[in-house]
Amino acid sequence: MISPSPVAAKAEDFRSQTSPDWCPSCGNYAVLNAVEKACAARGLASKDVLCVSGIGCSSNLPGFLNAYGVHSIHGRAAPLATGAKLANPELTVIITGGDGDGYGIGLGHFIHAMRRNLDLTYLVMNNQIYGLTTGQASPTTMKGIATKSTPFGCIENPINPIALALAAGATFVARGFCGDIAHMASIVTQAIEHKGFSFVDCLSPCVTFNKINTYAWFREKTYKLEDSNHDVLNFSAAMAKATESPARFPIGVFYRTEGVPTYEELDETLSHHGAPVKAKLALSREDGEAIKNSFR
Ligand code: SF4
Ligand code: MG
């Protein structure tokens with residue numbers, strides 16, 4: 001149930017009465033915290049927000065947010081969010097999930113949602129492992145890493161989510177680190193503010209099943225794009241940053257482009273008939289008579 005929110009909501013107003021069931025220190029807490037802060041910073045109320053997730057530890061997030069929420073099926077959060085957004089374009093729709101859900105099972109939907117440029121925000125809590133099922137290799141597990149499903153070391157190359165999102169046509173592409181909540185909240189706020197598809201790869205350590213990609217590991221490996229004179233409006237520069245050596249890689253906003261029409265703006269049905277959520281649910285007697293007469 002949505003609790004009534006004052007017009008100027010605070011971050012705490014987006015906290016649900018259900019406490020997260022994540023392991024202590026899991027990176028997902030930082031993303032939840034960032035979403036709460038970002039919704040408040042954008043001046044939203046709980047009734048304005050829908051959070052849709054797939055399956056996985058991080059996909060439990062909608063249950064911990066005081067907003068509308070759908071915990072959907074594995075890899076299918078993007079199409080469900082697409083339907084919800086088209087039914088009610090006034091909603092702020094946030095998709096949350098993990099790397100296995102978004103980059104593995106749901107990869108096709110991930111790409112198609114981006115090329116359509118709906119006004120959606122997709123936050124992937126990337127812990128480079130399948131956490132819920134206790135530690136199998138995911139699409140972002142590094143080559144050579146031993147996991148439960150790769151006891152002799154992973155022999156596959158990991159997906160590069162930032163390069164993939166850029167190539168797929170996302171109009172806002174960023175990466176945050178859960179060890180820096182203020183930075184993550186700033187990125188998520190910008191992502192929600194952006195008109196069009198915004199994607200944030202959230203480096204979210206799984207403290208229980210990934211003992212390689214830890215908070216300390218990310219702190220040593222990452223640097224902020226803001227400190228490197230990066231031009232967020234330059235697509236080629238963004239792709240160059242996305243494909244930098246994995247020995248040291250950036251967090252922050254890689255790319256942003258404004259003025260690309262959204263799917264909702266281009267959709268003829270929406271522009272001619274308005275949002276389905278506002279459509280009349282029943283026919284009046286006169287409407288019924290008119291339909292009947294049209295068959296005579
Ligand atoms: Fe987080 Fe990993 Fe625990 Fe899942 S298993 S809640 S991803 S720390
Ligand atoms: Mg994962």
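Donors are N, O and S atoms within 2.8 Å of the metal, or within 3.2 Å for Na, K and Ca. Keep that in mind for the first view, and remember throughout that this is a predicted model.

**View 1. A magnesium ion and the residues that hold its donor atoms.** Which residues coordinate the magnesium ion (ligand 2)? They are D99 (OD), N127 (OD1) and I129 (O), at 2.2 Å. Read along the sequence, these donor residues follow the spacing D-x27-N-x1-I. Both N127 and I129 are buried. Water is not among the atoms, so the site may look incomplete.

**View 2. A closer look at N127, in the loop between β4 (121–126) and α5.** Is N127 buried or exposed? Its relative accessible area is 13%, and buried means under 20%, so N127 counts as buried. Now look for the residues around N127. Leaving aside neighbours within four places in sequence, N127 is in contact with D99, S204, P205, C206 and N210. One of these, D99, also coordinates the magnesium ion (ligand 2).

**View 3. Helix α5 (residues 161–168) packed with helix α8 (residues 235–242).** The two axes lie 8 Å apart, at an angle of about 155 degrees. Angles over 145 degrees count as roughly antiparallel, so that is the arrangement of α5 and α8. The crossing of α5 past α8 is left-handed. To find the contact, look on α5 for I162, A163, L166 and A167, and on α8 for F235, A238, M239 and A242. By class, this contact has 8 nonpolar, no polar and no charged residues.

**View 4. F235, a residue of helix α8.** Here we zoom in on one member of the previous contact. How accessible is F235? With a relative accessibility of 35%, F235 counts as partly exposed. Not counting residues up to four places away in sequence, F235 touches L166 and Y255. F235 and L166 are 69 residues apart along the chain, yet their C-alpha atoms are separated by 7.9 Å.

**View 5. Helix α4 (residues 107–116) meeting α5.** In this view α5 appears again, with another helix. The axes of α4 and α5 come within 8 Å and cross at roughly 45 degrees, and the two helices are therefore oblique to each other. Which residues meet here? From α4 come L107, F110, I111, M114 and R115, and from α5 come L164, A165 and A168. Sorted by class, the residues of this contact are 7 nonpolar, no polar and 1 charged.

Definitions and conventions. Residues are numbered from 1 along each chain as its sequence is written. Chains are lettered from A and ligands numbered from 1 in the order in which they are written. This is a predicted model: local features need pLDDT of at least 70, side-chain atom pairs count only at pLDDT 80 or more; totals for chains, interfaces and linings use all residues. Side-chain values use heavy atoms; hydrogens and water are left out. Axes are lines fitted to C-alpha atoms, for helices over the stretch in contact, and angles run from 0 to 180 degrees between N-to-C directions. Helices (H or I, at least four residues) and strands (E, at least two) are DSSP runs, numbered from the N terminus. Angles under 35 degrees count as roughly parallel, over 145 as roughly antiparallel, 65 to 115 as roughly perpendicular and the rest as oblique. A crossing is left-handed if the near helix is turned anticlockwise from the far one by less than a right angle, and right-handed if clockwise. Contact means heavy atoms within 4.5 Å. Ala, Val, Leu, Ile, Met, Phe, Trp, Tyr, Cys and Pro count as nonpolar, Asp, Glu, Lys and Arg as charged, and the others, Gly among them, as polar. Buried means under 20% relative accessible area, exposed over 50%, partly exposed in between (1.4 Å probe, protein chains only).
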